[in-house]
Amino acid sequence: DWQELYKPFAFIGRVPGLAFLSYVYFMYLGVFSVLVGICADRAFAANKLHQDFVAEEDAQQQRSFAEAVKDMFVAIDTQCKGTISQEQFLACQKNVRMTSFLTSHQLDMIEPSWLFSMLDTDDSGS
């Protein structure tokens with residue numbers, strides 16, 4: 001109990017007693033501040049790691065999606081020309097695998113001809 005430690009200082013005089021209480025108060029305040037600082041620093045570091053992890057996860061998902069799109073277009077390219085015509089793209093809309101792929105990537109609500117025109121960056125029609 002702090003009272004047992006305070007009594008000898010209070011017995012000597014009021015000033016040593018107040019000095020002891022002040023010392024204890026500021027030590028508690030100082031130690032508490034250091035502990036809070038350490039916890040806050042670790043929380044900020046963990047948050048930064050989390051943000052880095054989320055960014056890496058997003059990049060991985062984008063790479064995965066790009067690979068899936070490439071695989072789908074290779075499957076559509078039955079003539080092995082390296083390009084897909086708009087007719088081929090629209091015809092594959094009846095394919096269960098293609099509709100499943102578009103649905104799984106929330107692309108099923110987009111008009112197929114508009115989606116093809118978005119993907120046809122050089123306006124070549126293939």
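How many disulfides does the structure hold? The count comes to zero. The model is a predicted one. C80 takes part in no disulfide. The nearest cysteine sulfur to that of C80 belongs to C92 and is 15 Å away. A disulfide would need the two sulfur atoms within 2.5 Å. C80 is exposed, at 68% relative accessible area. C39 is exposed as well, with a relative accessible area of 53%. Because exposed means over 50% relative accessible area, C39 falls in that class at 53%.

The overall form of the chain was examined next. The protein chain contains five helices and zero strands. Along the sequence, the pattern reads α-α-α-α-α. The radius of gyration of the protein chain is 34 Å, whereas a compact globule of 126 residues would have a value near 14 Å. Along the principal axes, the C-alpha atoms fill a box of roughly 100 × 25 × 20 Å. Burial was computed for the 126 residues of the protein chain, and 16% of them count as buried. Among contacts with a separation of 6 or more, 38% join residues 24 or more positions apart.

The packing of two helices can be described in detail. Helix α1 spans residues 2-12, and helix α2 spans residues 14-76. Their axes come within 7 Å. The crossing angle is roughly 145 degrees. On the α1 side, the contact is formed by W2, L5, Y6, F9, A10 and I12. On the α2 side, these residues meet P16, G17, F20, L21, V24 and Y28. The contact of α1 with α2 comprises eleven nonpolar residues, one polar residue and no charged residue. The polar one is G17, because Gly counts as polar under the classification used.

L21, one of the α2 residues in this contact, also serves as a reference point for F32. F32 lies in helix α2. The two residues are eleven positions apart in sequence. Their C-alpha atoms are 16 Å apart in space. F32 is exposed, with a relative accessible area of 55%. The cut-off for this class is over 50%, so F32 counts as exposed at 55%.

Charged side chains were then considered. The structure holds one salt bridge. The side chains of E56 and R63 form this pair, with an N to O distance of 3.1 Å. That distance meets the criterion of within 4 Å, so the pair qualifies as a salt bridge. Both partners are partly exposed: E56 has a relative accessible area of 46%, and R63 has a relative accessibility of 44%. Partly exposed covers the range between the buried limit of under 20% and the exposed limit of over 50%, so E56 at 46% and R63 at 44% both belong to that class.

Technical notes: Residues numbered from 1 in each chain as written. Predicted model: local features only at pLDDT ≥ 70, side-chain atom pairs only at ≥ 80, totals over all residues. Heavy atoms only, no water. Buried < 20%, exposed > 50% of the residue type's maximum accessible area, 1.4 Å probe, protein only. Axes fitted to C-alpha atoms, helices over the stretch in contact; angles between N-to-C directions. Helix = DSSP H or I, 4+ residues; strand = E, 2+ residues; numbered from the N terminus. Contact = heavy atoms within 4.5 Å. Rg over C-alpha atoms; globule rule 2.2 N^0.38 Å.
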